[in-house]
Amino acid sequence: MGRVDCVGWPGCNVWFWSKDHREAHFHVESPGEWEVRVFFGSEPPYYDVVWEAGRIPRKKMKAFLRDVAAHRAELFAEWDRKVTVVDP
């Protein structure tokens, strides 16, 4: 597991799984509340819910996705360094 350094969300954990095989993405977790996967290779970036016990703040998530889009090149560079892509 590698921490994502170029984007973040206060109070949340943001990470890549090593050896992940899906399209380029990272995870964001608000501990005890929710976890999402953020797919930054698409235009615009999007997310899907891994699990949800509390409310995901949709307006803040939209602002976060704009930040993700602005840092797409840095995210791909981190993905290349921290994730070893394997065939499924």
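## Aromatic pairs and nonpolar core in a predicted model

The structure holds 11 aromatic pairs, where rings of Phe, Tyr and Trp (its six-membered ring) pair if their centres lie within 6.5 Å, and planes under 30 degrees apart count as stacked, over 60 as edge-to-face and the rest as tilted. This is a predicted model in which local features need pLDDT of at least 70 and side-chain atom pairs count only at pLDDT 80 or more, while totals for chains, interfaces and linings use all residues. Residues are numbered from 1 along each chain as its sequence is written, and side-chain values use heavy atoms, with hydrogens and water left out.

Two of the pairs are set out below.

| Pair | Centre distance | Plane angle | Class |
|---|---|---|---|
| Trp9 and Phe64 | 5.4 Å | 45° | tilted |
| Phe39 and Tyr46 | 4.8 Å | 15° | stacked |

The pair of Trp9 and Phe64 links distant parts of the chain, 55 residues apart: Trp9 lies in the loop between strand S1 (2-3) and strand S2 (13-16), and Phe64 in helix H1 (residues 58-70). Helices (H or I, at least four residues) and strands (E, at least two) are DSSP runs, numbered from the N terminus. Trp9 has a relative accessible area of 11% and is buried, as is Phe64 at 5%; buried means under 20% relative accessible area, exposed over 50%, and partly exposed in between (1.4 Å probe, protein chains only). In the stacked pair, Phe39 is buried at 1%, whereas Tyr46 is partly exposed at 36%. One aromatic cluster is formed by Trp9, Phe16, Phe26, Trp34, Phe40, Phe64, Phe76 and Trp79.

The largest nonpolar core (a set of buried Ala, Val, Leu, Ile, Met, Phe, Trp, Tyr and Cys residues joined through side-chain atoms within 4.5 Å) has 21 residues, and Phe26, Val28 and Phe64 have the most contacts inside it. At least two residues of this core come from each of S2, strand S3 (25-30), S4, H1 and helix H2 (72-82); H1 gives the most, with 4 residues. Leaving aside neighbours within four places in sequence, Phe26 is in contact (heavy atoms within 4.5 Å) with residues including Val4, Val14, Val36, Phe64 and Leu75.

His71 is placed in the loop between H1 and H2 and is partly exposed, at 22% relative accessible area. Its C-alpha is 7.4 Å from that of Val7, although the two are 64 residues apart in sequence. Not counting residues up to four places away in sequence, His71 touches Cys6 and Val7.
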